[in-house]
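Hi there,

Here is the structure I promised to pass on to you. Have a look around it first, and then read my notes below.

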Amino acid sequence: MTLVPSREMETSARTGLIKLTLSSFRSYKSLSLSCDARPVILTGANGAGKTNILEALSFLGPGRGLRSAKLSLVTYAGEPPLKESPFEWSISSHFQTPEGVTSVGTGLEISEGRERRVVKIDDDRGLPQTALSQVTSILWLTPQMDRLFVEGTSARRKFMDRLVYLFDRSHAARVARYDYTMRERLKLLKQGRHEDAWLSSLEAKMAESSIAIAAARRTLVERLMQAKVWALGVFPRPRLEIEGVPEDLLETLPALSAEERLQSLYKANRLKDYESGRTQEGSHKTDLRVWFTEKNMPAELCSTGEQKALLISIIMAAARLQAAQEGLVPLVLFDEVVAHLDEQRRQALFDEILHLRMQAWMTGTDRDLFLPLNDQVQHFEVEKSTLTPV
Ligand SMILES: Nc1ncnc2c1ncn2[C@@H]1O[C@H](COP(=O)(O)OP(=O)(O)O)[C@@H](O)[C@H]1O
Ligand SMILES: [Mg+2]
């Protein structure tokens, strides 16, 4: 693939992680890693500790990381954590950004039997997890995501929302607020406390968040559907559509009317929601539908290889769009992805990563696949949770 210098080449400053410290995280009792903003390759045998590192990085964004893990299972199982540390496990990092170096840390605290993930950004402690998306942009593709198109809507919705975080740094907080209000309303309904004023106020908040969430999701998909972001010529070009009640309302109505309609819907569903114990309609049901454009085939009917290629296309298009709009690129974690690509696609992906100056973290068992990249990347061999530069 020939590289044509483009606007993003000039504007995207190198951003990336330059220091990572783990304590009591998975197979790492402790780890201290220094690197620069070039891509990072981790190779090694199965069980060496490659995915654990990517998982740690995924915790530098909001959510439960790339394994959707129960937080207490992440704690190093070898021996109890250090007594002087209040954390079960913790991660601290330094990110190089165009504005300078930012420190981002997170960890699990358990007090009085309650798990709490705490977040620190520079000198601000005790931040909510959603604050992470204000400073980091992290996406990932893992073997578990081979099932993204065939399983329930939740993983696809999370995937879509993570893409939205790149462009709308308040989106994570908005989604968290919606989920919280939805749970509060359901709690009231289940307790049989059907006071109209209270429920109406919660439903108004839900409707407001839903429409804001829907607008951000629609903006993402509209921007991605602009042809110029699909740069990976040998990869399929997906077509994306959002299916969801709030998103559909915004298709035909101005935001305020859409909000009112949604609020009436929440009100009309009270009895159904009470009886079923779940909220029937809303932002938490929205789905991302993907098609393989050239074949006009829904992604769920495509081969596993094609599905992976579609996901890579979407991730790289989002990265390219972020580079063009904000002069930034996300950090992308590709777990065991490269070995599954044919030569031509592998080369196209490498070229685009280097072109965008993206700090991609790529794992694999086969060292040789990455050797052609030589000093354009930093390569570590992982063995028994110890990293050695190659
Ligand atoms: N909480 C934990 N404490 C200690 N070891 C763990 C924990 N969770 C997972 N492991 C171990 O980490 C090892 C490395 O896992 P992983 O990073 O997934 O390897 P890979 O290099 O194949 O990606 C596995 O052998 C697994 O048993
Ligand atoms: Mg692995």
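**Around the ligand**

The shell of residues around ligand 1 is made up of six nonpolar, seven polar and three charged residues. Please keep in mind as you read that this is a predicted model. In total, 16 residues surround ligand 1, and the closest are Gly47, Lys50, Thr51, Arg67 and Ala77.

Which atoms come close to the oxygen atoms of ligand 1? A backbone N or O atom of Gly47 is 2.7 Å from one oxygen atom of the ligand, and a backbone N or O atom of Ala48 is 3.2 Å from an oxygen atom of ligand 1. Thr51 takes part through its side chain, where an N or O atom lies 2.7 Å from an oxygen atom of ligand 1. On its own, ligand 1 has 580 Å² of accessible area, and the protein covers 69% of that.

Thr51 and Lys50 also belong to helix H2, and both are buried there. In fact, nine of the nine residues of H2 (residues 50–58) are buried, so the helix is largely enclosed by the rest of the structure. Among the others on that list are Asn52, Ile53 and Leu54.

**Rings that pair up**

Next, try colouring the aromatic residues. The count comes to four aromatic pairs. One of them is Phe25 with Trp89: their ring centres are 5.4 Å apart and their planes are at 85 degrees, which is over the 60 degrees needed, so the pair is edge-to-face. Phe25 sits in strand S1 (residues 16–25) and Trp89 in strand S4 (residues 87–97), so this pair ties together parts that are 64 residues apart in sequence. Are these two residues buried or exposed? Both Phe25 and Trp89 are buried.

Another pair is formed by Phe350 and Phe370, and this one is tilted, with 6.1 Å from centre to centre and 45 degrees between the planes. Phe350 is in helix H11 (residues 343–356), while Phe370 is in the loop between strand S13 (360–364) and strand S14 (378–383); the two are 20 residues apart, and their pair links distant parts of the chain. Phe350 and Phe370 are both buried as well.

Going back to the earlier pair, there is a cluster to find: ring pairs link Phe25, Phe59 and Trp89.

**Arginines over rings**

Two arginines are worth a look too. Arg239 lies over the face of Trp291, 4.5 Å from the ring centre. Arg345 lies over the face of Phe235, at 5.4 Å from the ring centre.

**A few single residues**

Where does Thr304 sit? Thr304 is in helix H10 (residues 304–326). With a relative accessibility of 47%, which falls between the 20% limit for buried and the 50% limit for exposed, Thr304 counts as partly exposed. Thr304 and Phe149 are 155 residues apart in sequence, yet their C-alpha atoms are 9.7 Å apart in space.

Finally, check the backbone angles of two loop residues. Glu336 is not a glycine, but it has a positive phi of about 50 degrees. You will find Glu336 in the loop between strand S12 (331–334) and H11. Asn374 is not a glycine either, and its phi is positive at about 20 degrees. Asn374 lies in the loop between S13 and S14, and Phe370 is in that loop too.

Enjoy exploring, and write back with any questions!

Best wishes

Notes:
Residues are numbered from 1 along each chain as its sequence is written. Chains are lettered from A and ligands numbered from 1 in the order in which they are written. This is a predicted model: local features need pLDDT of at least 70, side-chain atom pairs count only at pLDDT 80 or more; totals for chains, interfaces and linings use all residues. Side-chain values use heavy atoms; hydrogens and water are left out. A residue is near a molecule or strand if one of its heavy atoms lies within 4 Å of it. A polar contact is a pair of N or O atoms within 3.5 Å; within protein, one must be able to donate a hydrogen and the other to accept it, and residues adjacent in sequence count only if both atoms are side-chain atoms. Accessible areas come from the Shrake-Rupley method with a 1.4 Å probe; for residues, only the protein chains shown count as cover. Ala, Val, Leu, Ile, Met, Phe, Trp, Tyr, Cys and Pro count as nonpolar, Asp, Glu, Lys and Arg as charged, and the others, Gly among them, as polar. Rings of Phe, Tyr and Trp (its six-membered ring) pair if their centres lie within 6.5 Å; planes under 30 degrees apart count as stacked, over 60 as edge-to-face and the rest as tilted. Helices (H or I, at least four residues) and strands (E, at least two) are DSSP runs, numbered from the N terminus. Buried means under 20% relative accessible area, exposed over 50%, partly exposed in between (1.4 Å probe, protein chains only). A charge sits over a ring if NZ of Lys or CZ of Arg is within 6 Å of the ring centre and within 35 degrees of the ring normal.
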